[in-house]
Amino acid sequence: MMRPPGEPARFQTARRYDFDWLRVLTTALVICFHAAIVFSASSYYIKDDPLYAYTRRFDRLYAEGQQSLPPLLAPRRFEALALRAGYSPDLRDTLAPIASRDRLIVRRAELGSGFSYFDAVYEAFWGLGQLATEARLPLRIVAPPHLARPLQIRAQVESESLDAYLRSPGRPALVLVDWASIGSRVQAGQLLERIETSADRFVLVGMPRPQPAATGLVLFLDQWFMMLFFLISGAGTWYALGSRTAAQYVGERFQRLLVPFAFGCLVVVPPLVYFGLLKGPGYQDDYWHFYWRFLGGEHFQWAHLWFVVYLFVYSLIALPLFIAARSKTTGGWERLSAILVRPGAIFLPALPLALIEGSLRAGWPNGNQNLVNDWANFCLYLLYFVYGYFLASDARLTEAVGRYRGVAAALGGAGLCWLFALWLSGNTPSYVYSPGRIAYDAFRGFNSWCCVVAVLGFANRYLNFSNPFLRYTGEAAYPVYILHQTILVVAGFYILRWDTGALEKFLVIAAVAVLGALCLYDLLVKRSNTARFLFGLKRKFNSLPSPNPPNR
């Protein structure tokens, strides 16, 4: 590629295939991440739930249990209890439905990391104990055995395993069942039988029992892979602006990002949201009734396409900075580059990342990528996007990253081990501003940069080449990203009902997502200019025959 007039000679313009490989590999990691979430402690559209084997029975019990008993506490008594016990507004809102007339209450929610409960959950269990005492009803908490002692110490409540509860006859009680305590289909069937035959009130909360390996994979990838995705996108912007004017670039961003985002929200996302609703009891709408409500905003969301709309906004916000940086008169970036190539200085960009995480993450936790109330993610990913642009622009920075890839891998690996130790021990700070929380988040920001530098350094060393596989998957990666989660959720909805192990289900779900998305790309997207436009790809096929056909 020729260097545009006026562009400083220090800028690198040679094609770097390691970025193309990383885009393909990161897309594959996204699919593995979403497949792993199905089996982790995190909330998701579908989960590996033993109760799936009894869907109709569970739905019937849920419907019969609605408004079937007198209130556990009349509204006035509950409000008086909340005032006397000092319930926080969040705790009052959490416990109010339990004081209702329902015999079976179902609440899917993340209660913890899979290794320990969140602090707010201990508070909720304590408040539930107060509620049961006021209603003169014994409280029985069914939880995984490894959480019994923390519950006793932090919430002053006793818990028991599901087997112990099922063996005991007991008198009518308020029974809270942590979904993770259901370990098999047999136990799920026994629990439903107990619900059918006993006089207990049941509150089923949480997520199905997580697989530790899946939870570990989710926590590991969550530390760095989306940051890398945005950095790669920023690097791509460097090359895009090398052959386009600012106006051409903006037009290309509209076509490549906004069109697929709109198409995806209308066509790709609704099925995965619908199947996510079907997993819970009490949802009876057919798809078309759901779809019109989705368009009306009732269930609307953009799911994994948040990445696309964030990227579009970043492309416009950062454009003036990127254009100024390409100018020969921009001395500030030249001086900054000279600093970053000094020994060890490649780790300095981690400091702004640590500042963003430490100052914003407690107020805006993960999982809320709605663009307008997501300041921690928004600022963090924007900075990675900008970093990617400048790393791609200067060969000296590429060399600095390569020199320190081993150090970065050691630091990132040690940091991940420390984070895993916190997660496993249940010592992760709560999402409230405190010195411990700020230090924890700041460390995560710093450590994510170490992980990303390590990946970039090794990729540049070993993946800076092209072959037919890269040329095919490099173009397919974007449509595959758009399509994969819908295929994963719809296929997984049925695969999770198989009577087989979690590992087998994970492998099949991930394989179906990859192969299904590739098949749709190859058969429908790749070969049609209309489909290529809708998925953000360049036009490839001429609609009119060539006036000078080649000799045969």
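**A parallel sheet, a helix pair and one glutamate**

Strand β5, spanning residues 201-206, is mostly covered, with six of its six residues buried. The model is a predicted one, and β5 makes a handy starting point for a walk through it.

What order do the strands of the sheet take? Five strands make up an open sheet, and it reads β1-β5-β4-β2-β3, with parallel pairing. Strands of a sheet pair through backbone hydrogen bonds, and this can happen in either a parallel or an antiparallel fashion. The edges belong to β1 and β3 (159-160); each has a single partner strand, so one side of each goes without a neighbour in the sheet.

Back at β5, both flanks can be spelled out. On one flank, β5 runs parallel to strand β1 (residues 104-108), and five bridges join the two. Within this pairing, R107 sits opposite V205 of β5, while R108 has G206 of β5 as its bridge partner. On the other flank comes strand β4 (residues 174-178), which also pairs with β5 in the parallel sense, over five bridges. Here V175 is matched with F202 in β5.

The sheet has helical company too. Helix α2 (residues 55-64) packs on the sheet and touches β1 and β5. The direction of α2 makes about 120° with that of β1.

Further along the chain, attention turns to a pair of helices. Two packed helices are described by the angle between their axes and the distance between the axes. For helix α19 (residues 405-425) and helix α20 (residues 435-462), the axes come within 8 Å and cross at roughly 140°. Why do α19 and α20 count as oblique to each other? Angles over 145 degrees would count as roughly antiparallel, and the crossing at roughly 140° leaves α19 and α20 oblique, therefore, rather than antiparallel. The crossing of α19 past α20 is left-handed. On the α19 side, the residues making the contact include R405, L411, L416, W418 and W423. From α20, the contributors include Y440, F443, R444, F458 and R461. Sorted by character, the residues of the α19 contact with α20 split into 15 nonpolar, four polar and three charged.

One last stop is E399, which lies in helix α18 (residues 395-403). Is E399 buried, exposed or partly exposed? Its relative accessibility is 49%, so E399 counts as partly exposed, the exposed class being reserved for values over 50%. The C-alpha atom of E399 is 8.3 Å from that of V341, and the two residues are 58 residues apart along the chain.

Technical notes:
Residues are numbered from 1 along each chain as its sequence is written. This is a predicted model: local features need pLDDT of at least 70, side-chain atom pairs count only at pLDDT 80 or more; totals for chains, interfaces and linings use all residues. Side-chain values use heavy atoms; hydrogens and water are left out. Helices (H or I, at least four residues) and strands (E, at least two) are DSSP runs, numbered from the N terminus. Buried means under 20% relative accessible area, exposed over 50%, partly exposed in between (1.4 Å probe, protein chains only). Axes are lines fitted to C-alpha atoms, for helices over the stretch in contact, and angles run from 0 to 180 degrees between N-to-C directions. Angles under 35 degrees count as roughly parallel, over 145 as roughly antiparallel, 65 to 115 as roughly perpendicular and the rest as oblique. A crossing is left-handed if the near helix is turned anticlockwise from the far one by less than a right angle, and right-handed if clockwise. Contact means heavy atoms within 4.5 Å. Ala, Val, Leu, Ile, Met, Phe, Trp, Tyr, Cys and Pro count as nonpolar, Asp, Glu, Lys and Arg as charged, and the others, Gly among them, as polar. Two strands pair if DSSP finds at least two bridges between them.
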